[in-house]
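Here is a short structural report. It goes through contacts, cores, the metal site, charged pairs and one helix.

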Amino acid sequence: MKPLRIAIQKSGRLFEPSVELLRSAGLEFEWYKNSLISPCRNFPMEIYFLRDDDIPEYVQDGIADLGVCGDNIIAEKQVDVTPLQKLGYGKCRLTLAVPNDGPIQTATQLNGKTVATTYPNLTERFLRERGIAASVVTISGSAEISPALGLSDAICDLVSTGSTLKSNGLRPIVDVMSSEAILIGHNGISQLPVVDELLLRIRSVLRAQGHKYVVLNIERSRLERIVQLLPGVKSPTVVPLAEEGWVAVHTVISESDFWERIAQVKQAGAQGIVVMNMEKIIL
Ligand code: PRP
Ligand code: ZN
């Protein structure tokens, strides 16, 4: 059987978390600087390291079976691929930015100006919807240097930490869209059992990352309230303590409302609350 081919970014925001996700999903592979393809030792898959902006088209055209890229690129390229799973990392914003020392303060002031970007479709749509008559210059990389080169008055580019803008003397004026990493597949590929297996592994890692394992002690008489507050994956495990009338409750809590839940269970009488990270949750 031909190995599955997954494309990930070769350098940039998505590279490290993508490698980490695949490794957490139990895949063993080497990566050396400038590697283009790495075979997995323990799974029928090859990892392609490519420019993130090219990945959607490679997946659409079947050069790769799967790919990880920002969902902004999918919106920009209008490619025909199957979205399989949002990955929760690589969060960033597509943002209009202008020189710090220039006169432009608002998006409306871009009327009659030029905007350089590698995302012409998203930028043009944003400007059109707001009735701003700016001209969009499409470039193939490093939009951040175009105002300094006199190529444009503004840029529209991805901002994550903001350090690229800062080091180029630019400041954001308005967000065009927000984005995060997504796993995409060539149309029809999700029917393959091997893709199912990979998705099961990836989802079990993502689920574990979004939850904490919690153990606490509670008087048996107050157990009902705790079970209501902490339903867990199915329902909590309850084990008796050596001390008469007390039990330990084992369960998982979602990261999103973690501290609210902890406050509630403390109020309900929980003691000795221990919280642990998990590796995987397989449903
Ligand atoms: C994006 C963008 C900026 C950088 C912004 O690059 O083009 O260069 O991220 O991040 P920061 O706000 O943390 O400085 P990407 O990772 O997509 O790589 P690419 O430009 O090579 O495609
Ligand atoms: Zn990119």
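## C92 and its surroundings

Leaving aside residues up to four places away in sequence, C92 touches R13, L158, V159, S160, M177, S178 and S179. The model is predicted. C92 is found in strand β6. Its relative accessible area is 6%, so C92 is buried. C92 and G162 are 70 residues apart in sequence. Their C-alpha atoms are 9.4 Å apart in space.

## Cysteines without a bond

How many disulfides does a search of the whole structure find? The search finds 0. C69 is in no disulfide. The nearest cysteine sulfur to that of C69 belongs to C92, 11 Å away.

Why is C92 not bonded to C69? The C69 sulfur is the closest cysteine sulfur to that of C92, yet at 11 Å the two are too far apart for a bond. A disulfide needs the sulfur atoms within 2.5 Å. C69 is buried, with a relative accessible area of 0%.

## Two nonpolar cores

The largest nonpolar core has 32 residues. Which of them touch the most other members? They are I74, L94, L96, L110, V115, L127 and I184. Several elements each supply at least two residues of this core: strands β3 (45-50), β6 (92-99), β9 (154-159) and β11 (181-185), and helices α2 (55-60), α3 (71-77) and α4 (120-129). β6 gives the most, with 4 residues. In soluble globular proteins, nonpolar side chains tend to be buried together.

I74 shows the contacts of one core member. Not counting residues up to four places away in sequence, I74 touches P56, C69, V79, V81, I182 and I184. A second, separate core holds 31 residues. L4, I8, L87 and I202 are among them.

## The zinc site and D52

The zinc ion (ligand 2) is coordinated by D52 and D53. D52 appears twice in the list of donors, as OD each time, and D53 (OD) completes the list. The distances run from 2.5 to 2.6 Å. Are these two aspartates buried or exposed? Both D52 and D53 are buried.

D52 also meets R13 in a salt bridge between their side chains, at 3.7 Å from N to O. The pair links distant parts of the chain, 39 residues apart. D52 lies in the loop between β3 and α2. R13 lies in the loop between β1 (4-9) and α1 (15-24). The two partners differ in burial: D52 counts as buried at 7% relative accessibility, whereas R13 counts as partly exposed at 30%. R13 is also among the residues that C92 touches.

## Other salt bridges

The structure holds 14 salt bridges. One of them joins R261 and D257, with the closest N and O atoms 3.7 Å apart. R261 counts as partly exposed at 24% relative accessibility. D257 is partly exposed too, with a relative accessible area of 24%.

The side chains of E279 and K280 also meet in a salt bridge, at 3.1 Å from N to O. E279 counts as exposed, at 63% relative accessibility. K280 is partly exposed, with a relative accessible area of 33%. Elsewhere, E28, E30 and R41 are linked in a network of salt bridges.

## Helix α8

Which residues of helix α8 (residues 258-267) are buried? They are F258, I262 and V265. These residues cover an arc of only 70° around the axis, so they sit on the same side of α8. On the other side, W259 and Q267 are exposed.

The buried residues of α8 pack against two strands and more: the partners are β12 (211-219), α7 (223-229), β14 (246-254) and β15 (271-276). G269 follows α8. The phi of G269 is positive, near 110°.

## L200 in helix α6

L200 is found in helix α6 (residues 193-209). L200 counts as partly exposed, at 42% relative accessibility. L200 and A25 are 175 residues apart along the chain. Their C-alpha atoms are separated by 9.0 Å.

Methods
Residues numbered from 1 in each chain as written. Chains lettered and ligands numbered in written order. Predicted model: local features only at pLDDT ≥ 70, side-chain atom pairs only at ≥ 80, totals over all residues. Heavy atoms only, no water. Buried < 20%, exposed > 50% of the residue type's maximum accessible area, 1.4 Å probe, protein only. Core = buried A, V, L, I, M, F, W, Y, C linked by side-chain atoms within 4.5 Å. Contact = heavy atoms within 4.5 Å. Donors = N, O, S within 2.8 Å, 3.2 Å for Na, K, Ca; no water. Salt bridge = Lys/Arg side-chain N within 4 Å of Asp/Glu carboxyl O. Arc of directions from axis to C-beta.
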